[in-house]
Amino acid sequence: MKLLEYMAREIFWEHGIPVKKSIVIDCVDEMHDKINAAGLKYPVVVKAQVQAGGRGKAGGVRFAENGDEAERHARAMFGAQVRGFTVKELLVVEKTEIETEWYLSIITDRQSKGPLLIFSPVGGVDIEETAINEPDKIAKVPINIFRGIRDYDIIYALDRTGADMAMYAKLKDIAVNLYNAFIAYDCLLAEINPLAITPSGEFIAADGKVEVDDSALYRLPKLLALRDKHEDDPLVAEARRFRFHFIRMDADGTAGVISNGSGMLMGCIDMFANKGIKAGAALDLGGGATAERVREAVRIIFCAENISTLLLNIFGGITRCDEVANGVRMALADIPADKKVVIRMDGTNREEGLAVLADTAAIVVGSTAEGAEAICASLEVRANDGFLPGLFGEGTE
Ligand code: GDP
Ligand code: MN
């Protein structure tokens, strides 16, 4: 789960990382009063709370000297698109006087199999950009989880990047606090960019990006409650109610795919791609799907606009094919007749499952490859439908 900036700031504040005073607003009404009531001093920065970086360049970060200016920005920003996201909340934060922008993050790193501290004295820009333009200005330091962050980790980071060694003690403080936050919130990423240095030499976290491992959300109830509130896609939220993982794919894709495992899901999508079929949506059932849940899964995937054909690919282990078949049978009664369901089942109770589907409209295939073939055939039929007028020489309308 990617957190919005203001949530990241809350976590930073909890862990002793300096942030400026701020408030979150969801409408322009009485904005000036709210800013005053919270004790914020002008100038302020008005920032779009969307799950995207690079907001600054996209008009999502604006400076205001007074209440009128802040309100004008807010009016322009609410409801606007920033990097493809609609702005519903704004953070108003006291502006930091910045002399230098540094970069500091901790990620869960596959290569070193643990937390990795990334530091650069070139901040305010994407770290990927720095990695290309000034690779010498980035230090990557694997953190030993038994010892935590040590003096020498920070000394190495500053030395390697040619950064001001005098900042060492303050940087270590921030890094240790960031590491504690990273561990406390089971993070995949905890990033401060820019880590601002004020003219008086103080560090301030002027922006924050935190991504929490979804598997840990069960023990972070505060975040779990926020997740659904901030889920933009109603189908993702709907699928989650049944413990499904719903993934939007190509906006103009017309094929849907459901499977009991993400590996098989990806395999199917690859096979589609090889045949030039665009998947529009995918849904992972997880293990042990019951008839009732399969019915919901099929209903949900056809709720996605454009999806006309579905490949349901099941390898029955814990999941029983007869349960799946019964679910499909029920779902076929719910969905419009022009929606096609192609199904491939193998494994536990396959024969029973096939018997359940015998007199239904489901197209049963023997393998994943045949499934992709059937989806292809079904989509081509649709394409031809659209071209029929042309056959009579009347052209298309
Ligand atoms: P992002 O573009 O989504 O990463 O949003 P940021 O919050 O990082 O803002 C982008 C840039 O705006 C920063 O790199 C800074 O240069 C500038 N900026 C953001 N907040 C402040 C602030 O409080 N004071 C000053 N002087 N600049 C800021
Ligand atoms: Mn930033």
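This passage describes the domains, helix packing, selected residue environments and backbone features of a predicted model.

The domain assignment divides the protein into domain 1 (21-95), domain 2 (100-222) and domain 3 (234-391). Taken over C-alpha atoms, the centres of domain 1 and domain 3 are separated by 43 Å.

In the loop between β2 (44-48) and β3 (61-64) lies A52. The relative accessible area of A52 is 19%, and because buried means under 20%, A52 is classed as buried. Leaving out residues up to four places away in sequence, A52 touches R83 and F85. A52 and V82 are 30 residues apart in sequence, and their C-alpha atoms are 8.1 Å apart in space. The peptide bond that joins Y42 and P43 is cis, with omega about 0 degrees. P43 belongs to the loop between α2 (31-37) and β2, and A52 belongs to the loop between β2 and β3.

Strand β7 covers residues 100-109 and includes S105. S105 has a relative accessible area of 0% and is therefore buried. The side chain of S105 forms a polar contact of 3.0 Å with the side chain of Y103. Apart from neighbours within four places in sequence, the residues in contact with S105 are L116, L117, I118, L178, L189, A190 and E191.

A second buried position was examined in helix α6 (residues 168-184), where A175 is located. The relative accessibility of A175 is 1%, so this residue counts as buried. Not counting residues up to four places away in sequence, A175 touches L104, I106, L117, I149 and I154. L117 thus appears among the contacts of S105 and also among those of A175. P135 lies 40 residues from A175 along the chain, and the C-alpha atoms of these two residues are separated by 21 Å.

A175 also takes part in the packing of α6 against helix α5 (residues 151-161). The axes of α5 and α6 are 10 Å apart and form an angle of about 115 degrees. The crossing of α5 past α6 is right-handed. On the α5 side the residues involved are D151, I154, I155 and L158, and these meet Y168, L171, K172 and A175 in α6.

Helix packing was also examined for α10, α11 and α12. Two packed helices are described by the angle between their axes and the distance between the axes. For α10 and α11, the angle is about 45 degrees and the axes are 7 Å apart. The two helices are therefore oblique to each other. α10 passes α11 in a crossing that is right-handed. From α10 the contact draws on A291, E292, V294, R295 and V298, and from α11 on E323, V324, N326, G327, V328, M330, A331 and D334.

Helix α11 (residues 321-334) also packs against helix α12 (residues 350-357), where the axes come within 7 Å and cross at roughly 15 degrees. Angles under 35 degrees count as roughly parallel, so α11 and α12 are assigned to that class. The contact involves C321, D322, A325, N326, V328 and R329 of α11, together with R350, E352, G353, V356 and L357 of α12. The crossing of α11 past α12 is right-handed. Both N326 and V328 of α11 therefore take part in the contact with α10 and in the contact with α12.

Several backbone features were also identified. Most residues other than glycine have a negative phi, and most peptide bonds are trans. Besides the cis bond between Y42 and P43, a cis peptide bond joins N193 and P194, with omega about 10 degrees. P194 is found in strand β10 (residues 187-197).

Positive phi values occur at K113 and N306, neither of which is a glycine. Phi of K113 is near 55 degrees, and this residue is found in the loop between β7 and β8 (114-120). With a relative accessible area of 74%, K113 is exposed. N306 has a phi of about 80 degrees and is placed in the loop between α10 (291-303) and β16 (309-316). The relative accessibility of N306 is 42%, so N306 counts as partly exposed.

Key: Residues are numbered from 1 along each chain as its sequence is written. Chains are lettered from A and ligands numbered from 1 in the order in which they are written. This is a predicted model: local features need pLDDT of at least 70, side-chain atom pairs count only at pLDDT 80 or more; totals for chains, interfaces and linings use all residues. Side-chain values use heavy atoms; hydrogens and water are left out. Helices (H or I, at least four residues) and strands (E, at least two) are DSSP runs, numbered from the N terminus. Buried means under 20% relative accessible area, exposed over 50%, partly exposed in between (1.4 Å probe, protein chains only). A polar contact is a pair of N or O atoms within 3.5 Å; within protein, one must be able to donate a hydrogen and the other to accept it, and residues adjacent in sequence count only if both atoms are side-chain atoms. Contact means heavy atoms within 4.5 Å. Domain bounds come from an automatic or database domain assignment. Axes are lines fitted to C-alpha atoms, for helices over the stretch in contact, and angles run from 0 to 180 degrees between N-to-C directions. Angles under 35 degrees count as roughly parallel, over 145 as roughly antiparallel, 65 to 115 as roughly perpendicular and the rest as oblique. A crossing is left-handed if the near helix is turned anticlockwise from the far one by less than a right angle, and right-handed if clockwise.
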